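Me: I'm new to this one, so could you walk me through a few spots in it? Here's what I'm looking at.

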Amino acid sequence: DVSASATLPWVRALHANGEVLWARNVGKPGLGAVLALVSQPDAGVALLGATGAAATSSDAWLTRLDRTGAATGAPVFWSGPAIEGWNAVALLADTTLFAVGSQVDVDAKTELAWVGRFDPWGHATCSAAGPCAGLTAKGCGAGPCQLATCEKLLGCAKVSATLPCDDGKICTLDDACSKGVCADGTARLWTQKLAGKPGDRAAAIARLAGGDLVIVGQSSTPGKVDGMVTRLAPTGGVRWTTFWGPTLGADFAAVVAARDGTIAAAGHANSSGGEATGWLLRTGLDGTLVSLATWTEFASRVRLLGVAQRDDDGYLVVGAVQPLKGPANTEFAVLRRADVHGKALAKGVNFPIVAGARDELRAVVAAGGGEALAVGVAQSQSKGASDGWIVRVDGAGQIKLNVRMGALFADELHAVTRSVGGFVVAGTYGQKADRDSGWLAAVDGNANVKWTTFLPGTGPRVLAAVAPHPSGFVAAGWQAFDGFSNRGWWLRTDAQLQLS
């Protein structure tokens with residue numbers, strides 16, 4: 001601030017495409033600066049620096065922000081007669097921080113190297129012995145330190161103790177915990193069965209800014225199927241549920257939490273003669289209708305299967321169109337761009353129609369520079385089987401990349417997420433007839449494969465969703481269980497897609 005002759009520490013978070021996610025001024029007013037930072041297991045960040053309040057005096061400081069840039073507590077300061085400042089920091093395996101810096105005594109004309117180890121909030125670590133051994137806490141001492149809940153990887157947070165032994169790590173619910181280890185060996189927070197109608201199905205989920213969840217899918221009754229949108233609290237409680245659809249019913253397949261605070265769900269609504277209309281429904285956070293954009297093709301079933309928000313706050317949708325007049329068992333894939341209100345769905349790309357082939361695009365992400373990258377399944381070039389399919393389209397609707405992936409059997413891609421330097425895709429890989437494997441692949445922007453992980457089982461395995469995780473990625477889907485039923489299935493990997 002030139003007018004005030006002051007400098008404030010500043011931090012900015014960027015998306016991989018360069019988009020500014022948030023920017024914050026942090027620390028103590030004065031000639032201060034952020035000199036070091038380190039990511040935290042909860043996707044937040046710890047910032048360290050110096051106030052630089054005067055030429056002969058400066059305090060070192062640490063503050064912590066969550067993944068949205070909000071402060072999670074008051075800054076911690078290290079004050080002394082000299083100039084103190086941290087210059088670098090590392091996150092250790094036990095989630096404590098190790099920082100290095102310097103102390104300068106201007107009068108004595110001396111400078112000393114300075115090191116410190118503390119918990120993620122800047123508090124001193126506990127001693128190596130006693131009831132708080134192995135934990136980090138503020139004000140540890142003698143007496144019982146009973147931790148009520150914990151998370152298997154990140155440690156304990158919620159405490160019920162006679163002393164304030166709070167190690168400042170993310171907590172879960174209902175797990176017995178002792179010194180950072182879940183006694184029952186599970187990290188499950190809660191399970192929620194949504195009370196609804198027979199045949200209800202949840203198809204997609206998104207996280208809202210405040211931590212709530214929104215789920216979309218369908219809710220069935222005899223003779224009718226409604227599209228369903230449900231909002232849950234972080235603890236699993238239902239805040240509200242809305243149902244959408246004409247007389248012949250509707251279904252939602254994908255959802256995104258938009259940056260303007262609305263919820264956008266993609267799907268289709270059935271109409272007479274077996275036809276269907278593509279839907280992009282936008283609601284407020286209270287479930288009320290904001291807008292409904294529709295897309296029809298003559299004598300066809302239009303199904304929207306994936307949705308993402310563009311860098312300019314508009315939308316990308318993908319799906320499939322099945323002509324009802326023409327060759328049987330034929331679908332062609334589509335990708336559409338829509339404005340911030342969901343309008344103009346008819347402008348986009350129709351991929352070629354091949355008689356007897358069913359081609360679908362099932363998921364899409366913004367790829368930067370106005371481009372879109374979508375994944376799905378293509379039968380049109382696989383001689384009766386199917387291939388995993390990746391396409392990239394620029395902002396003018398020109399196809400820049402069109403790649404098939406897979407082996408000799410039924411290969412499909414169901415999901416995609418952005419990663420550093422590219423994308424991670426998930427699906428099923430037909431290594432043997434009736435023995436499909438779960439499939440994860442990391443690719444660059446030209447679909448060159450960097451890492452691939454196959455997850456075979458005794459029966460078919462499918463990965464239907466993938467998302468980033470602080471230590472890598474998580475994926476979910478289903479696998480055959482006993483020849484008659486399926487089990488839900490989820491896994492976590494490191495950044496190179498190796499199981500962790």
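Me: Let's start with Ser-219: in which strand is its place?
Reply: Keep in mind that this is a predicted model. Ser-219 has its place in a strand covering residues 213-221. That strand is β15.

Me: Is Ser-219 buried or exposed?
Reply: The cut-off for buried is under 20% relative accessible area. Ser-219 comes in at 1%, so it counts as buried.

Me: And what does the side chain of Ser-219 make a polar contact with?
Reply: The two atoms of such a contact have to lie within 3.5 Å. Here the distance is 2.8 Å, and the contact runs from one side chain to another. The partner of Ser-219 is Asp-200.

Me: On to the aromatics. How many aromatic pairs are there, and how is the pair of Trp-86 and Trp-114 arranged?
Reply: The count comes to 6 aromatic pairs. For Trp-86 and Trp-114, the centres are 4.0 Å apart and the planes sit at 5 degrees. Planes under 30 degrees apart count as stacked, so the arrangement of Trp-86 and Trp-114 is stacked.

Me: How many residues apart in sequence are the parts that this pair ties together?
Reply: Trp-86 belongs to strand β7 (residues 83-91), while Trp-114 belongs to strand β9 (residues 110-118). Both are buried, Trp-86 with a relative accessible area of 2% and Trp-114 at 14%. The parts tied together are 28 residues apart.

Me: Which residue forms one aromatic cluster with Trp-86 and Trp-114?
Reply: The cluster brings together three Trp residues. Trp-86 and Trp-114 we've already met as a stacked pair. The other member is Trp-78.

Me: What about Tyr-429 and Phe-454: how is that pair arranged?
Reply: Tyr-429 lies in strand β31 and Phe-454 in strand β33. Their centres are 4.4 Å apart, with 45 degrees between the planes. That's neither under 30 nor over 60 degrees, so the pair is tilted.

Me: Is Phe-454 buried or partly exposed?
Reply: Its partner Tyr-429 counts as buried at 15% relative accessibility. Phe-454 has 35%, and the range for its class lies between 20% and 50%. So Phe-454 is partly exposed.

Me: Last topic: in the open sheet β34-β35-β36, which strands stand at the edges?
Reply: The sheet has 3 strands with antiparallel pairing. An edge strand here has a single partner strand, so one of its sides is left without a neighbour in the sheet. The edge strands are β34 and β36.

Me: And which residue in β36 is the bridge partner of Ala-475?
Reply: Strands β35 and β36 run antiparallel and are joined by 8 bridges. The bridge partner of Ala-475 is Leu-491.

Methods
Residues are numbered from 1 along each chain as its sequence is written. This is a predicted model: local features need pLDDT of at least 70, side-chain atom pairs count only at pLDDT 80 or more; totals for chains, interfaces and linings use all residues. Side-chain values use heavy atoms; hydrogens and water are left out. Two strands pair if DSSP finds at least two bridges between them. Helices (H or I, at least four residues) and strands (E, at least two) are DSSP runs, numbered from the N terminus. Rings of Phe, Tyr and Trp (its six-membered ring) pair if their centres lie within 6.5 Å; planes under 30 degrees apart count as stacked, over 60 as edge-to-face and the rest as tilted. Buried means under 20% relative accessible area, exposed over 50%, partly exposed in between (1.4 Å probe, protein chains only). A polar contact is a pair of N or O atoms within 3.5 Å; within protein, one must be able to donate a hydrogen and the other to accept it, and residues adjacent in sequence count only if both atoms are side-chain atoms.
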